[in-house]
Every structure is written in C-alpha cells, then in structure tokens.
Amino acid sequence: MSCAQVNREKEKATVILQTDLVAVSTAELRPIFLNLIKDGVTSLWLDMTAAKKIDSQGISILVASCNSLDAVHGELVLFGVSAPIVSLFQTLQLSRKFKINPA
Amino acid sequence: MSSEMDFLLNEFVAESREMLSNIESDLLIIEKSGANFSDKLINNVFRAAHSIKGASGLFGFTKMQELAHKTETVLDMIRTHLITPDAEVVNILLMAFDKLRDMINQPNASNEQNITENIISLTGLATAFLPTEEKGAFSRSTSVKLPDGFLISIPEIDLNLAIKQKTFIYFAEYDLLNDIDRAGKDLLDVMRVLVAFGKVLDARVNYSVIGKLDDEVNTKLPLQVLFATDVEPKEIGCAMELPGERVIVVHDPRQGENILLPIPIAPSSGAKESAIQQLPSTTLPQENKPSTPPKTASAQASSGTSSSVPSSHPAPENGRSGGLEEASHGDSTIRVSLDILENLMNLAGELVLSRNQLREALSQKDEKGILSGSQRINLVTTELQEVIMQTRMQPIGNVFGKFPRLVRDLTRELKKEINLQIEGKEVEMDKTLVEGLNDPLTHMVRNACDHGIELPEKRVDSGKKAAGTVSLRAYHEAGQVVIEITDDGKGIDPERLAAAAIEKGLVSQDALQGMSEKEKIALIFLPGLSTAEKVTGLSGRGVGMDVVKTNLDHLGGKIEIDSKIGKGSLFRIKLPLTLAIIPSLLFSAGQQRFAIPQINVVEILRIPVAQIQKRIEIVSGVEVLNLRGKLVPLVVFREILGLETSYLDKETLEELPSRRQGIANRRSRDDSQKNAPSEKAKKMINKEDKRSERDRRFDASGDLNIIIVTTGLMQYGVVVDQLYNNEEIVVKPLGRHLKGLQEYAGATIMGDGKVALIIDSSGLAAKSHLKSVSETKRASEAEEEALKERRQDIQNFLLFFNGPKEECAIPLEMVRRVERITKSQIEFLGGRRTMQYRGVSLPLVTLSDAAKVQTISENQELLVVVSSVEDKEVGLLVTMPVDALETKVAIDQTTMRQKGVAGSFILKGRTIMVVDIYELVQTVHADWAPAQKLRAASLAGGKGPTIILAEDSDFFRSHVKRLIESEGINVIEACNGLIAWQLLEKHASKVNAVLTDIEMPEMTGLELTRQIRKEQRFANLPVIGLTSLAGEQNIEEGKAAGITEYLVKLDQEKLRTALHRFLSDEVITDVS
C-alpha cells in the first residue's frame, strides 16, 4: 500500500498522507514530491490528517520540499496537522517556514 | 479560497472563539484577586493568547500574530509577578482581546485592522513596569551569537524576562537524526519534555544543511536551541536528553553575569556585521568569560532588579508547572482501536436496517412490524451506546504515569526518601474524567510527599522506616471508580486543623464541639485553609484542598479522608465511570423539567401541608427545614428561575399565582380580611370561600416536595414542584450563551424531546448564597429537641370508640385480631356476654364492665378486639371507627385512671383513654387466674426473686411493675439506666435479672447493658430488653451489647414466659 495518495489539479497537487511522516514513508515520498515539482507543481498541499508522528526525516523532507518549492516560487501548504505536531513546529520555529496562506 | 482552506480557517475561528469565550470572566476574576490571582486562570488566558499567536502565524495573519504576541508578553509578566493585574492592566488586556475577537470574526480582513492603539497600550504597560533603561526592550529584538557565529534573534523582552526570573539560559545543538531518531527516541516526546522544563527562547533548524529534494540526503540534521529553565547545569543533559558537554550555559543566575551576552541588533546590515565582530567567533567554553563584556540594558537589569522578583513565586516553579499543565492539556482527538471502529460500523449498519424495517412497517401500518422494529432499534441503540462509551474510555495510567517523575523530583527537592507504589493503572474511565483528574491528583500526591511524609531522621526517631511510601491505587467498586492516595506519613491532626479553622474565623467554637474527628479533618476542604503557608504551618496538610474538592465536584466525584496521627492518611476519591451518561433524579419547577445527578441526592421528602409550619422555620434569615434535628437550609427552585409561587387550581387545572410569602409563612385563613385585598385577590378570595371545605392550604396538593442535596461540604434542600423517576440521562454540554450559569452543569434531552437542564449542586448553593445554619443557637436547640424526641419511645396504638364521644386506645401489641360483628352475633349465656368465634365461645367484655364509662349501644357499628389474657382469648367490644396510630405521646396516669383504664393521652386536642385489658379482664373474670394467685401467695414471704426494672416512662414502668409483681416477683424501679446501674451495684447480691427499656435519658438500655457486661460478676445476669423498637437492626444491636432477650413492650404473655424461663431457679414451678 502506498503511503500517500496524490490528487493533481494543474499546478496544484494535494498529497494525502496515509501514514506517519517518518523515515519509512519519507523514503517513498521524496521521489513523489520531487517528480511533482519537476512536473510543474508549484503549490504542494500536504494532508497530514493521518500523520500522528513525525521524526527528523519527516522534518527534513518538509524543509527540503520547501527549499525546492522556493526555487520555483512555489509554496508548501500543510493541513490536517495534529495539535502535538503543530506544537512541535512552533517550538522549532518551523511555522516561519511552513505558512498556510489563504488563497 | 479552496474548500480545504475554508475548513482549516473555520476550525481556527471556531477554536479561537471558544478560547476567547471565557477570557473575559477569567480576567475579571484575576483583577479582583490582584496579586493573589490564580495561576490556573492566568495560565488559561496565557494559553489562549499563545495559541492564537501560533495559529495566526500559520495562516499569515501577521497583525493578529503581533497583537497576540504583545498580549502574551504582558500576560507572562503578570504570571511572573512583574506586573500586578490591577483595573488598568486588565482593561488594556480586555481591549486587546476585544480587538483579537474582532480580527478572528473577520480573519481575512485582519491584516487591514489598525492595532496601533492596542500595541502602544500593551507596550506602555510592559515598559512602565520595567526600569527606565529597559523600556526599549519591549519593542527591540536581541541577537544572541551562537557558537557557530550565527546570530539568533529573539525579542529582547523575552531574554530579559528569563534573566529576571533567575533561570539558566542554555544553548544546545541537537543532531535530530543521530541524537533522536537513531537513539530510538521520539522527537515529539523530547520536545514535549523540553517545553515542560522551561521555555524555548528560540530554535533554528539549519535549512541550508538540509538542502533541496534532489540533494543527497543528509546524514545530519542540526537543530540549535536557546533554552531558559531552572534546571541546574549538572542535570541539564538529562532534561534535554543530550550529553552534558553538548549544552553550553549562556546565563547562570548564580553568577549574576552572562557568559555570552546578548547584543542588540543594529538597524542596518552594516551595524549588524559590526555587532557580530564584537563577539568571539568560536564556541565559548562554560567557564570562559569575554574579556570585555558589552554592558547592555538587560545585563544591568539582571543584576539590578533581581531582588524584585517575588520569592514566593519562584519562576522555575511557574515555568515547570505551566509546562506540565500544557503537556497534560486534553487533546481534542482520541485514539480508537480498529476493532471498536469496526464494531461501530456494524452497529451503524444494523441501525440503518432497523430504520428501514420500521419505515416499512409504518407505511404498511403493520403493528407487529412496528413493535419488532422499535425493539430492534432499542437493542441496537443500547449496544451502540456501550460501544461509543468504550471509545471514550482511557486507562487512568495516563495520569498515574507522570507521578514517578514528580515524586522523584520532589524527593530530591525535599531531601526525603519516598517510594511510590502504583496499582490499577489499567482501570479505565471516561476521557474527560481522566483529564480532569490530572490537577487534583497532582496536588494530592505533591501534598502527600511534601507534608505527609516526614524527613528520614524524624521517621527513624518515631520507629518508622526512613523511606516513606506514597501509594496510588485505582479500582472498580459498585459501578464507580475508586482512587486511593495513601501515605504512611504523619497524618492529619484534627485538633490543630480545628484550631486553625477557628483562628481564621471559618467555624465557631460551638460548631466544633459537636464535630467528630472525621468532620474536623473535613475542614481541610474549607477554602480559607487552602494556602500553602497557612496550612503548612499548622498541620502540614490542605494545600489547595478546596480546589481539589471543587475540581472533583465538577467531575461528579466525592472525596473522603481517613487519617491517623503518626500513621498516615488515606484520601479516597469515588468517581462515576463516565460523565456522559449519569443516573439522575428528574423534577419540575414551573412547567420546566430538570435533572439532578443521583450522586448528589441524599434523600427526597414530602412534607404534608399540615406540617409545613412546624417543620420549616426561619433561622438567621434563612428558611430551613428541621430534618431529624438537623437544620437544613432550603432553596426554592422557582425563585432561582425567577418564577412566582403558584398553585394548580384543581377545578380549572390552571396555574394561579399564590399569595404565599416564603415557604413557612403561610397566610392564615383570615389574612385576606385583615389586609385590603386587590381586585384580583378579591376574586380569588371569593373563589376560595366557595370551596372552603377543600381549601388548598389544607389540601394534599399543598404538600412540599424537597430534595435533600449534598455538595460534599454541606447539605441543603431544594423545594421543587413535582418529583419524577430516576433516569439515566445523556449529558450534553451547555451552549456558550448558558455557560456562565453556575447552577447548571449541562443539559439533557428527555424521551419526549424536551430539554432538561442538569443541576450543579455546588453551583446552585453558591448562586443561592446559602448560609450554613449549623452554628446557630437554634440549630443546637433543634438537635437537643430531636435527641429528646428520639429518647421517647414510639408506641403503636389501635384507636377505637367506646361510647360515641369516648375515644380509646389499646397498645397494638396486645391486639391479636380485630373482627367486625353484628348485634345478632352477641349471646348472653350464664349472665356472661359471649360470641361464637372460630368454633369456640369467645368471652366478650366491654370497658363499662369495669370502668365508669358509657355503655356501648348495640345499635352502633360493632367491633371485637381480640386479645390474649392468661392464655385465654377474650374479645373487647368496641365501636367504629378504628384507626392505627404511631406516636410518642406521654401518658397521663392520674386524670383518667380507674379500673380497666391505665391512663390517657391527648391527640390533636382529643383525650384518648388507654385501656388496660389485663386489669379489665381480671376485674370481670377474677376466677381466671388461680395459678397466678397461687404463685403470688407462695412468694408472699419475700423469698421471691428480685429484678431491676429500668424504664423512663412512668406509665410503662408502673404497668410492667404491676404485671411482674402479680407474678410474685420483687421489683426495684429505676427511671433511667444510670439509676438502674447504681441500684444494681447496691443490691448486687439479691438482683436476679434486669428488665430494661432501651431509649432512656442519662444512660440508655444498651449503655446500661454494656456497663453490666463489663463486670465479671454480672456475666450471667439475664438482661431483658423491653422496647417498642424491635426491628432486626435493634435486635442485632442489643445482642451485640449483651442483651439476653428482646421483648416488645406490653406483650404481657411473652414477658411472663420470659420471666419464667430466666428465673426458673427462683420462680416456683407453674402450678396451673
């Protein structure tokens, strides 16, 4: 079973995570994200509803995605983020990096 | 905006609105409390500002984020007692929250809002409390150079606050990959612990090291953290889960100087660079100090104002507890096992099928189908309810799990040795309850360690092990969860607690006199005894126990304490399994129905209209109910609702206004004539006059329904209109518009679809400003009256008539049967009146055969009261009507005394003669007792046995004495237990038995028996209990005290038999 489901709408792609954002899933996600961006996606939405855990590899892939999207003037939007993970992002000041901008 | 964004934004708006809904009242309470504000409240408000700050940042609402941040900073200064929350301060905060509310209501326009005024006010507020040289810090950022030369920028005020709070500031660099992931740790847990121990001033993930997606995956993921905490350097490695050498002390409050000083960020990039150049570019070892530390405002402040930090509120404590509170704050999500989810899905499917079946049956008008469909829905719903409840159940271990760490920290802090034992971690209860227990249990465990367990040397001196034990135990009992917190410490001294309560004016000396030890210990829950210093000084217990009690009240729980000085204490908490469905008593007031949780209901009473004035009185301006000698304050629920008192007109079934003022103050029959009545009243008076026969003031519909409710600390009565059944109700939270009503705990939907509000017993008491009347003079009088009343014997009588105006009574114990007869059944044979009865001839007597009373007219409705005298049945001819009476009347033995009449008593203004059936029969049938006469004659020489007869009622005493003496037994009389004891001691050698009443003044029959049994010489002395109270419990109690046999008063046959049995050696054999 894939760890994510992808819905593509032109330059926007919504990736629905099916599992935690940890080392195992990031290995699978990294090429998916990379291919999407290479394929012209500039607005990457990540549904994290199913992710109850995140590890350093999870943070790493989010930052790397952001860095890649910055290069194409794109954006990374996270949603469905559980309270503990939001709290972690705040502690690590990652909320400066992952902004959810209203359309 | 996309639908996902709409959803997220709506969530944010809803959550923020909910958080803000309680802010206003919290801030107002904080304002009232001044410097003594509640930490919990300020933390609530702080959390709201903090959450809004975080979430608005995520959405890019920058102005909202800025305003929330400034507000948060001021709240943090209040939290750390740098600012006192007076009216002016609270006003500015309220205005800031008003603005935030406006912005949240229109989030997308929030960046256009003008917040300048709020920012100026908040900045002014914060800087006004800062020394002059620090005033700029509020709006400035400070850069701290990290060991790698990078500058971390943080608001200067945050850094200054940390320094003021005398916390250590550390810098640490994690490699998230190797230190966390590969070490098998959970990143979320590590960060949660970090937040619990202090404040992350700043953190920086090195984005450039991570690179892009197509870069090679890094083998390192550095995270730099600037962290303020009270944890000392030697323990910081453990707290941050890093080797100690990887953490650098940036500021040490003990040294008063900074090793690495903050440098204000210069406005231009050129200035920034020059600032960087001022700092050493290499990592500074802990002991190194810069040769020329730049003197900054914050550095001066840290040394100059450190003494101004209130010592009673050490910053580390605040930081830590705040963190723990945050960590334990209830999640809005819940984990549910897949099995349960699948079960729920199946049940949902079942429900759909049942609905379809029911719809089909309804459309076909198939009664059988409707019935089976509704039964099926009933079954599925019940099962659904059970499974859904399972999803809410969580193990109490979720709360217990934090205590090992707490106890460990306390052990170090207090220099004590404490072992913690935990049992029953797996016990499950509702999620809300588990979360709600966190604060009270923490409080109690902390108390047990801090004030319960003694210092090791003290324990050894008192013969205990040096290490104390604190135990936490959870288990199920009778459908409830019981949690016990036990310690083997010094226990609670009730006397010292009582003395402290008196000193603080919380209870009166009079009230204390009547208190048991347990009640004195319960004083610990009084709000006035809650502050640490005060209570620690007296007995070492009770820190915030009123708060514990209040929290448990909210959870529908009860708490009790067992404590022995020198041995330890046990706190037992009983809680329902769930708060979602609770058994409740339903009642109505006006046209509205309400529910009160069964756990709060002590008893329900119905006071007959005729007794209202007698039972309800006004003491200290409070309407109270005299409940078996205890005065219980009353709340009229209609008044709470603001409804007028009314009554239901039986004729029209209309609810009409009542003119009653208060409960007890019922107008007299002619009140309306004394006072000039209104037109409306006149109509009512006329109406009442017409039905004066059935005046509602004397009708059962005027009876009072009272629910006696307990809050745990006090009992009070709620006067309601109607009482209904007990039902299991589903608790629904109140809407925001009703949340401020303290008297309601929630709402439920009844079977008929109507909503019923659920009563919060503590809130209702507070709302009604209930006063305890337990300390008033009237309360002690009422108690004395009740005691007196209890000492009087209850006697059952059969009431009947002799002549038309001659009402008589006979003790019910003497009555075997009552038969209704006709005149024709009476026969006169051999000059004697008899009747055929069950195949034999029953002798009949009338009272007029012996006493000077009216002769019974045989034209009246006749009855025969059958009794047994001298082993023979005899019928007393009486007339209707008959009635039974249970009373405690005093019998007058002189006024009406004559042959066959033992005495009289007054009942509701009527004089009632008490018939002595034995004397009557003996007078009429003197020939019936030859055996008795023979026995008496043989004992005439004074050789007969002697008994002591203890009885406080003159009537019963003389009655029983006559009976015993007629058996030839000598009687020594005593009017109470004490005199009986004195007489027994005096005549010990000649007393063969004791015949005693139970309820007597001075010394009861049970006390007398216990006294007798204490002495070896009376070990075999028969003690016969003579009472009208011969229930199983009384008999058990009597036997436990040492009573040989229990007899019901006035059952002469049984008494005679018993005397024969016990005095067989002394009493001559029955010659009959």
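**B:S584 and its contacts**

I started at B:S584 in this predicted model and listed what the residue touches, leaving out anything up to four places away in sequence. The contacts are B:A595, B:I596, B:P597, B:Q598, B:N726, B:E727, B:I729 and B:I758. The residue sits in strand β16(B), which covers residues 581-589.

Buried or exposed? I checked B:S584 next. It has 24 C-beta neighbours inside 10 Å, so I noted B:S584 down as buried; the cut-off is 20 or more.

I also looked up B:I759: C-alpha to C-alpha, B:S584 and B:I759 are 9.8 Å apart, with their positions 175 residues apart in sequence.

**Chain B overall**

I pulled the totals for chain B. The chain has 1072 residues, and 35% of them count as buried. I found 38 helices and 43 strands listed for chain B. Taking contacts in chain B between residues at least 6 apart in sequence, 66% join residues at least 24 apart.

Then helix α32(B), residues 917-924: 7 of its 8 residues are buried, so the helix is largely enclosed by the rest of the structure. I wrote down the buried ones as B:I917, B:Y918, B:E919, B:L920, B:V921, B:Q922 and B:V924.

**Confidence check**

Mean pLDDT for chain B is 75, and 74% of its residues reach 70 or more. Which elements of chain B have the lowest and highest mean pLDDT? Helix α14(B), residues 315-328, is lowest with 31, while helix α20(B), residues 456-461, is highest with 92.

I flagged residues 666-678 of chain B, where pLDDT stays under 50 and the model has 11 contacts beyond four places in sequence. Residues 937-941 of chain B are below 50 too, and that stretch has 4 contacts beyond near neighbours in sequence. For the complex, the predictor gives an ipTM of 0.91 and a pTM of 0.38.

**The sheet in chain A**

Over in chain A, I traced an open sheet of 4 strands in the order β1-β2-β3-β4, with mixed pairing. The edges are β1(A) (4-9) and β4(A) (75-79); each has a single partner strand, so one side of each is left without a neighbour in the sheet. Ignoring direction, neighbouring strands are turned by 15° against each other on average.

I looked at one pairing in detail: β3(A), residues 43-47, and β4(A) run parallel over 5 bridges. A:S43 has A:E75 of β4(A) as its bridge partner.

Helix α1(A), residues 23-38, packs on the sheet and touches β1(A), β2(A) (12-17) and β3(A), its direction making about 5° with that of β1(A). Helix α2(A), residues 56-71, lies across β3(A) and β4(A), and I noted about 145° to β4(A).

Terms used:
Residues numbered from 1 in each chain as written. Chains lettered and ligands numbered in written order. Predicted model: local features only at pLDDT ≥ 70, side-chain atom pairs only at ≥ 80, totals over all residues. Buried ≥ 20, exposed ≤ 12 C-beta atoms within 10 Å, placed from the backbone. Helix = DSSP H or I, 4+ residues; strand = E, 2+ residues; numbered from the N terminus. pLDDT = per-residue confidence, 0-100. Contact = placed C-beta atoms within 7 Å. Pairing = 2+ DSSP bridges. Axes fitted to C-alpha atoms, helices over the stretch in contact; angles between N-to-C directions.
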